[in-house]
Amino acid sequence: MSTRIALVTGGTSGIGLGIVRRLKQDGLQVAALDLDSEHNRKVASEEEVLFVPANLAEREACKNAIGQVEEALGGLDVLVNNAGFQHISPIADFPEDTWDTMLHVMLTAPFLLSKYAWELLGRSGQGRIINIASVHGQVASPFKSAYISAKHGLIGFTRTAALEGAATGITVNAICPAYVRTPLVDRQLEDQARTRNIPIEEVVSKVMLEPAAIKQLLEPEDVAALVSYVASKAAWGMTGSVLNLDLGWTAR
Ligand SMILES: NC(=O)c1ccc[n+]([C@@H]2O[C@H](COP(=O)([O-])OP(=O)(O)OC[C@H]3O[C@@H](n4cnc5c(N)ncnc54)[C@H](O)[C@@H]3O)[C@@H](O)[C@H]2O)c1
C-alpha cells in the first residue's frame, strides 16, 4: 500500500505545524508550504518534512507549489488549506491593500491550490481537501471585516467543491475553530486592546472567550486531531461539512 501524501499550507507555525506533526505521526508523507524564510526552512527541516516556499498572495506561486509537490513526492492525497493572517481595524480605516492580500491568501489561494491539485487528488481515489476556516466563517465580530469575509467565502467554496469532487472521490470539508493558542492570537492581543480600549490582560477573557461556553483557548493539537480524522480513509462519507470546534460559541 503506498504512503499517502499531504500538503499543509502555513505548515511551519501554529495550527499548521500541529497538523504537519499529526499527519506525519499518522504515517503520511507531508509537505509544509509557507513563506520563504530561514526560520520557516529550519522548522520544516527539524520536522523532517519537505519545505515548499511560496507566497500565497501570488497566483503563480500557488501553481508552482503544486508542481513542486508532484515533482518531489509524486502525487497528492490531502490538501490542507490553512495559511492565514489577521488584521484588526475598523472598516473606515481598513487598508485596501491588506484587504486584497487577506482575500487572496485565505480565499483565492485555497481555490487556486484546489484547482491545480484537482487532477492529482482525483487520481488518488481518496482525495481530501480540508479548509481551515474559523468560527468567524459563520458568525461575525467587529473589526475583522476582511478575515470574516474570506472565511465565510471559504465555506461557500467548500460546499461547491464538495459537490464537484464527489464524482472522483475527493471530499471537501471545512473546520471552524474558535480561538486557538498560536502566534496569530498572540499578535492580535495588543491590537484588540487598542481598538476596543480595554487593558491587554482582559482581551482573552472579555473578547476571545466571552462568546464561548467553554472558557479555555484551544491548542493546535485539538484542531490537528480533527484534521487527522477528516483526512483518513474512514471519513470517506463526510463531504461539504462545516465542522465546528468552537467551545460552544455557535450553540446559542
Ligand atoms: N488561532 C486561532 O485562534 C484561529 C482560529 C480559527 C481559525 N484560525 C485559522 O487557522 C489558520 C492558521 O492560523 P494560526 O493561528 O496557526 O496562525 P499562525 O500565524 O501561527 O500561522 C499561519 C501561517 O500562515 C503563513 N502564511 C501567512 N501568509 C502567508 C502567505 N502569503 N503565503 C504563505 N503562507 C502564509 C504564516 O507564515 C504562518 O506560518 C488561519 O487560516 C487562521 O485563520 C486560527
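**Close-up views of a predicted model**

**View 1. Strands E4 and E5 run side by side.** E4 and E5 pair in the parallel sense, joined by four bridges. The model shown here is predicted. One bridge can be picked out by its residues: Asn81 has Asn131 in E5 as its bridge partner. On its other flank, E4 meets E1, as the sheet order shows. E1 and E4 are parallel too, with three bridges between them. Here Val8 is matched with Val80 in E4.

**View 2. Strand E4 is covered on both faces.** Which residues of E4 lie on each side? Val78 and Val80 sit on one side, while Leu79 and Asn81 sit on the other. Each of these four residues is buried. In a regular strand, side chains alternate between the two faces of the sheet.

**View 3. Seven strands make an open sheet.** The strands follow the order E3-E2-E1-E4-E5-E6-E7, and their pairing is parallel. Strand E3 (50-53) and strand E7 (242-245) are the edges, each pairing on one side only. On average, neighbouring strands are turned by 20 degrees against each other, direction ignored. At the E3 edge, strand E2 (residues 29-34) pairs with E3 in the parallel sense over four bridges. Look for Ala31 there: Leu50 in E3 stands opposite.

**View 4. Two helices pack on the sheet.** Helix H4 (residues 96-124) touches strand E1 (5-9), strand E4 (78-81) and strand E5 (128-132). The direction of H4 makes about 175 degrees with that of E4. Helix H5 (residues 145-165) also packs on the sheet. H5 touches E5, strand E6 (171-177) and E7. Its direction makes about 155 degrees with that of E6.

**View 5. Helix H3 has a buried face.** H3 covers residues 59-73. At 1.5 Å a residue, its 15 residues should span 21 Å; the end C-alpha atoms are 22 Å apart, which agrees. Which residues of H3 are buried? They are Ala61, Cys62, Ala65, Ile66, Val69 and Leu73. Seen down the axis, the buried residues of H3 fall within an arc of 140 degrees, so they line one face of the helix. They pack against E1, E2, E3 and H4. Arg59, Glu60 and Glu71 are exposed on the other side of H3. Just after the helix comes Gly74, with a positive phi of about 90 degrees.

**View 6. A salt bridge links distant parts of the chain.** Arg181 and Glu219 form a salt bridge, with their closest N and O atoms 2.9 Å apart. Where in the chain do Arg181 and Glu219 lie? Arg181 is in the loop between E6 and helix H6 (183-196). Glu219 is in the loop between helix H7 (203-208) and helix H8 (220-231). The two residues are 38 residues apart. Arg181 is partly exposed, at 44% relative accessible area. Glu219 is also partly exposed, at 27%.

**View 7. Two further salt bridges.** How many salt bridges does the structure hold? There are nine. One of them joins Arg22 to Asp26, where the closest N and O atoms are 3.2 Å apart. Arg22 is partly exposed, with a relative accessible area of 28%. Asp26 is partly exposed as well, at 35%. Another salt bridge joins Glu202 to Lys206, with the closest N and O atoms 2.9 Å apart. Glu202 has a relative accessible area of 27%, so this residue counts as partly exposed.

Definitions and conventions
Residues are numbered from 1 along each chain as its sequence is written. This is a predicted model: local features need pLDDT of at least 70, side-chain atom pairs count only at pLDDT 80 or more; totals for chains, interfaces and linings use all residues. Side-chain values use heavy atoms; hydrogens and water are left out. Two strands pair if DSSP finds at least two bridges between them. Axes are lines fitted to C-alpha atoms, for helices over the stretch in contact, and angles run from 0 to 180 degrees between N-to-C directions. Contact means heavy atoms within 4.5 Å. A salt bridge is a side-chain nitrogen of Lys or Arg within 4 Å of a carboxyl oxygen of Asp or Glu. Buried means under 20% relative accessible area, exposed over 50%, partly exposed in between (1.4 Å probe, protein chains only). The expected span of a helix is 1.5 Å times one less than its number of residues. The arc is that of the directions from the helix axis to the C-beta atoms.
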